[in-house]
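Thank you all for coming. Could you please bring up the structure on the screen, so that everyone can follow along?

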Amino acid sequence: MPSYDDLRATAEPAWHAVAMPSRPLFVVSLNTSSIASGAEATLAALRELGASGGFDVTATGDTGVSWAEPVVEVRRPGGPAVLYGNVTAEAAPAFARAAVSGIAREHAIGIIDGPAREGVPALADLDWYRLQVRWMMRNCGVIDPEDIAHYIARDGYATFLRCAAMDRDELIQVVTGSTLRGHSGSFFSTGTKWKFLKDARAEPKYLVCNADEGDPGAWVNRVIMESDPHLILEGMLIASYASGATYGWIYLRDEYPLANRRMNMAIAQARERGILGENALGTGVRFDVEVVRGAGAYVCGDETGLISSINDMRGMPRIKPPFPAQQGVLEKPTNVNNVETYAAAATLLRIGADEFSNVGTEANRGTKMFTVSGAVARTGCLEVPFGTKVSELLDAAGGIAGGLAFKAMQQGGPLSGLLPAHVAAGLPLEPEPFRPLGAGMGGGGIVFVDETACVIDLNNMVSWFLEDESCGRCTTCRGGNQRMYEIFRRTARGEAHPADPQLLESLSATFQYSNCFHGSLSPVIMNNTMKYFRDEYDAHAVEHRCPAKACPGLIRYVVEHQAAAVADAAAICPARAFVQDAGAWAIDDAKCIRCHACKDVAPEAIAIVDKFADAAPPPASPLATIAPETVRVQARP
Amino acid sequence: MLENEATLEIQHLVSEFKPGDGDLLAALHKVQHHYGYVPKIAMRVVARQLRLSEARVYGAATFYSEFRLIPPPRTLVGWCSGPACRFKGGEHVRKALEAELGIGMGENTGDDKLGLHLAQCNGTCEHAPQIWVDGKVVGPLDAAKTVRLARELKEQP
């Protein structure tokens, strides 16, 4: 097997050819987001143009700039490297003509490697980039993730070599002392976890990489896997040396086929070069890894659920102890970290504990990746120091789109919470400040919510998801989520019962007896919204009115003006709910499904009105025989 | 296809997988990749191959939402149930799809031409609200655009 120096010697020319090209090079971002925006067509168009246009074309992963995909970087000998956005296949010919010899200003996002010029700002000065410390993301959108040479040429696997020369306890001590904790949302000390596995007595020992990023609205791990897969393998190799693990599984969700392909490609390339296998780079470390393709189950994001899934079972979490470090995959000692945690560990050890501790907060040193989506102007993935304020992150994302007001933040998936703007804005992004609020920071997904959203509708979505994804093992979680969803459904139908707030409180107190976090954290968003948006609950339940005009049972679509556009509205209606009487259009409320299609085509002519503005509300649901005072709320132990 | 023939074919398909090696998901994925769904008979064959009970294989096949137990439609429309989509009118898109196609999530039209699948967020939220037509992201949509698209899909040969 070649030595590391040999690998490096072969890798460097390959990297230099694209880093400092001898003629213009167009680097197209190819990732799940960009492909959805047509980046494959852009790549094909540019390749064709380049063949006769005097430039080369290659691909990279994800810059995180989802808001301007397809993104293309152009590197020119003697010229600045420029990042461009919205380069569709249709725009490619005019773009290529301008970018091959100068700056295509129409598409320019920023100058990557220097100061502003020709009216184009430096990338580092943009709101989107100013906050960022791209340590884990340093290769994202820079190297070709399908070519190990690029990774190696940029010091890849050198950190592992250095770590493998250290004493294992010392290595673990560096990780523990760095404050590095699990980036998935659990925030358990990574060094301590590695030590548990090192100290476990049974053999063999295993590593698992949790790549089951199931929190809706989070795609941090996808960005790393699609852009820099070897960083994860290097993190796992370091953990394998520190803990004595000899084999690993990357449990990767089914929704990420491109990440799956790139991880498998990276593993194959690392094996070929003797980086994975019997004697990693001649260090004596024996470690190999395989990808397990998940099949769509949110609870497999729980480490014991994930282990059950690898063990040929339904992905049901179980009670701890035994902890995975005692009994995990195939009943052997196992350490589970998520993708970003392995990436963070490799990054910490690359830059050293001293520099690492210069960024972040006292309790949480270093950086964290976040994805921002929802009501923001710019959707994407960024890496910022721990302790960055939510308001700063929102500013980086261009604020709330459309001039609407910032209503709330839904962070970390359905188990971490929803906080109103006035509480969220000043919060530093690190786990501790969220806890006294009865919330968590979660794994990095942040969905911003504007004033047009309805809190009951939002709870309907969340409680449906939680019920659907409950593994069903414990009654508190399975039945609790069924009841919680039922209450939100009937509230949205306009059939809320006066006892519902007490019933919700009672459920909240019961959920804590669930086996795993899926159950015990199920009421978090409901608790947060009951606390901060109680007026909306009352508007629905007491006044039979949905202020945001979202809940189907409390609104009606009506024809307000007999305009010409109403005929188009009638034609688009998938429920055939429009009726015409003596030339006048009306909507048959019994047929209307509240899909909004009519208002999309005739916004002026169609209005949404309160259903019970001047009519009697529907009778409360049959469950409503319970008197509010008979609902007992169980005290917390 | 005769049952024996099918059994042999599936046996061949899953012959690389071993008991006690964490191969169940991979075996089910391979079957689904080949047939477009997991036929009942495959569960028996996979169970035998991995020395698991049929109940355990059936339990897993029905636990995970990505395994289909019925043949796939010719065109599969995934509806994203994620939060960014929801806040931007994803529910409108779902209602329009279901009403126009006359089916619910997880169902196929009578002629198996179109089917609806409840999809989970894949982080392409700049296209919210979105659907996936045979895996390809289409968005941002509104209800009216969805109705038009559904009508086109119904018309296609």
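I will talk about a sheet in chain A, the helices that pack on it, and a few backbone details.

A word first on conventions: this is a predicted model, in which local features need pLDDT of at least 70, side-chain atom pairs count only at pLDDT 80 or more, and totals for chains, interfaces and linings use all residues. Residues are numbered from 1 along each chain as its sequence is written, chains are lettered from A and ligands numbered from 1 in the order in which they are written, and side-chain values use heavy atoms, with hydrogens and water left out.

In chain A, four strands (DSSP runs of E, at least two residues, numbered from the N terminus) make an open, parallel sheet in the order 8-7-6-9, where pairing requires that DSSP finds at least two bridges between two strands. Its edges are strand 8 (288–293) and strand 9 (334–338) of chain A, each of which pairs on one side only.

Further in, strand 6 (residues 206–211) and strand 7 (residues 247–252) of chain A are joined in the parallel sense by six bridges, and Cys209(A) has Ile250(A) as its bridge partner in strand 7 of chain A.

Which two peptide bonds might you look at next? The one from Glu69(A) to Pro70(A) is cis, with omega near -5 degrees, and the one from Pro321(A) to Pro322(A) is also cis, with omega near 0 degrees.

Finally, Tyr157(A), although not a glycine, has a positive phi of about 70 degrees, while in chain B the phi of Asp134(B), likewise a residue other than glycine, is positive and near 50 degrees.
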